[in-house]
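Me: I have a chain open here and want to talk through how it is put together. Can we start with whatever a search for ring contacts turns up?

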Amino acid sequence: MAVLINEQIKADEVVLTGLSGENLGVVSKSEALAMARSKGVDVVCTSLMSSPPPCSLVAKGKGKALAQKKAAGNSGKEKVKELRFTAHIEDHDYDTKLRQADKQLRSGKPVQLVVKASGAKEAPVAKAVLERLLGDLKEVGVKETGIQTGGKGSQVKLNPR
């Protein structure tokens, strides 16, 4: 994701935001640059996806730092919260983990639910715990993957609705 500063901005018009976050409306690029020069600041455009693009007046030198920060921040995929359960989980522990999963999904973040089984004989119990979780979370989450069962447990990934 590129961050354009001052003359690098190609658009004729921009939606400008002031130094303290106030909306200055749609202005021409030359008008935005003139404002920036008069205040001794930079015009920074962070998104090229809309027309006219949103730009902000930012203190001199902060534009480059913002560009570097944005480039570093988007390097990896979003981390998925993993919640681990045991096959024979007690009700109180189950409720606590259920609330955590619910909170994550309501905030728009995906959740990986993992149920560990101590042996292959517990695999059906682990799958049953996941099915119970899916039933309890059906209002806030939708399965991305089916229930994947391995030798030592089961897992499923839920995305927010």
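Reply: A search of the whole structure finds 0 aromatic pairs. Keep in mind that this is a predicted model.

Me: Which charged ends sit over a ring, then?
Reply: The charged end of lysine 97 sits over the ring of phenylalanine 85, at 5.8 Å from the ring centre. The charged end of arginine 132 sits over the ring of tyrosine 94, and there the distance to the centre is 3.6 Å.

Me: Back up a bit. How many helices and strands does the chain have?
Reply: There are 4 helices and 10 strands. Starting at the N terminus, the order of elements is β-β-β-α-β-β-α-β-α-β-α-β-β-β.

Me: What share of the residues is buried?
Reply: 34% of the 161 residues count as buried. As for contacts with a separation of 6 or more, 55% of them are between residues 24 or more positions apart.

Me: What is the strand order in the open sheet of 5 strands?
Reply: The order is E1-E4-E5-E2-E3, and the pairing is mixed. E1 (4–5) and E3 (23–28) are the edge strands; each has a single partner, so one side of each lacks a neighbour in the sheet.

Me: Which pairs in there run antiparallel, and which parallel?
Reply: E4 (residues 41–45) and E5 (residues 54–59) are antiparallel, with 5 bridges. E2 and E3 are also antiparallel over 5 bridges, whereas E2 and E5 run parallel and are joined by 3 bridges.

Me: Give me some residues to click on.
Reply: Cysteine 45 is opposite cysteine 55 in E5. Threonine 17 is opposite serine 56, also in E5. Glutamate 13 has serine 28 in E3 as its bridge partner.

Me: Which face of E2 is covered and which is uncovered?
Reply: Val14 and Leu16 make up the covered face, while Glu13, Val15 and Thr17 make up the uncovered one.

Me: And where does H1 lie?
Reply: Helix H1 (residues 29–39) lies across E2 (13–17), E3, E4 and E5. Its angle to E3 is about 125°.

Me: Any backbone angles I should look at?
Reply: Asparagine 6 has a positive phi, near 50°, and is not a glycine. Most residues other than glycine have a negative phi. Asparagine 6 is in the loop between E1 and E2.

Me: Is asparagine 6 buried or exposed, and why?
Reply: Asparagine 6 counts as buried because its relative accessible area is 14%, and the cut-off for buried is under 20%. There is also a positive phi near 90° at glycine 21, in the E2 and E3 hairpin, which has 5 residues between the strands.

Me: Different topic: how many residues are in the largest nonpolar core?
Reply: That core has 21 residues, and those with the most contacts inside it are Phe85, Leu113, Leu133 and Leu137. The elements giving two or more residues to it are E6 (81–86), H3 (91–106), E7 (111–116), H4 (123–136) and E10 (153–160). H4 gives the most, with 5 residues.

Me: What does leucine 133 contact?
Reply: Beyond its neighbours within four places in sequence, leucine 133 is in contact with Phe85, Tyr94, Leu98 and Leu113. There is also a second, separate core of 13 residues, which includes Leu4, Leu33, Cys45 and Cys55.

Me: How do E6 and E7 run relative to each other?
Reply: E6 and E7 run parallel, joined by 6 bridges. Leucine 83 stands opposite leucine 113 in E7. Of the 6 residues of E7, 5 are buried.

Me: What about the loops after those two strands?
Reply: Isoleucine 89 is in the loop between E6 and H3 and counts as buried because its relative accessibility is 17%. Not counting residues up to four places away in sequence, isoleucine 89 touches Tyr94 and Val129. Isoleucine 89 and valine 129 are 40 residues apart in sequence, and their C-alpha atoms are 8.4 Å apart.

Me: And the loop between E7 and H4, what is in that?
Reply: Alanine 117 is found there. At 7% relative accessibility, alanine 117 is buried. Leaving out residues up to four places away in sequence, alanine 117 touches Ala87, Glu122, Ala123, Ala126, Lys152 and Gly153. Alanine 117 and glycine 153 are 36 residues apart in sequence, with 4.7 Å from C-alpha to C-alpha.

How values were computed
Residues are numbered from 1 along each chain as its sequence is written. This is a predicted model: local features need pLDDT of at least 70, side-chain atom pairs count only at pLDDT 80 or more; totals for chains, interfaces and linings use all residues. Side-chain values use heavy atoms; hydrogens and water are left out. Two strands pair if DSSP finds at least two bridges between them. Contact means heavy atoms within 4.5 Å. Axes are lines fitted to C-alpha atoms, for helices over the stretch in contact, and angles run from 0 to 180 degrees between N-to-C directions. Rings of Phe, Tyr and Trp (its six-membered ring) pair if their centres lie within 6.5 Å; planes under 30 degrees apart count as stacked, over 60 as edge-to-face and the rest as tilted. A charge sits over a ring if NZ of Lys or CZ of Arg is within 6 Å of the ring centre and within 35 degrees of the ring normal. A nonpolar core is a set of buried Ala, Val, Leu, Ile, Met, Phe, Trp, Tyr and Cys residues joined through side-chain atoms within 4.5 Å. Buried means under 20% relative accessible area, exposed over 50%, partly exposed in between (1.4 Å probe, protein chains only).
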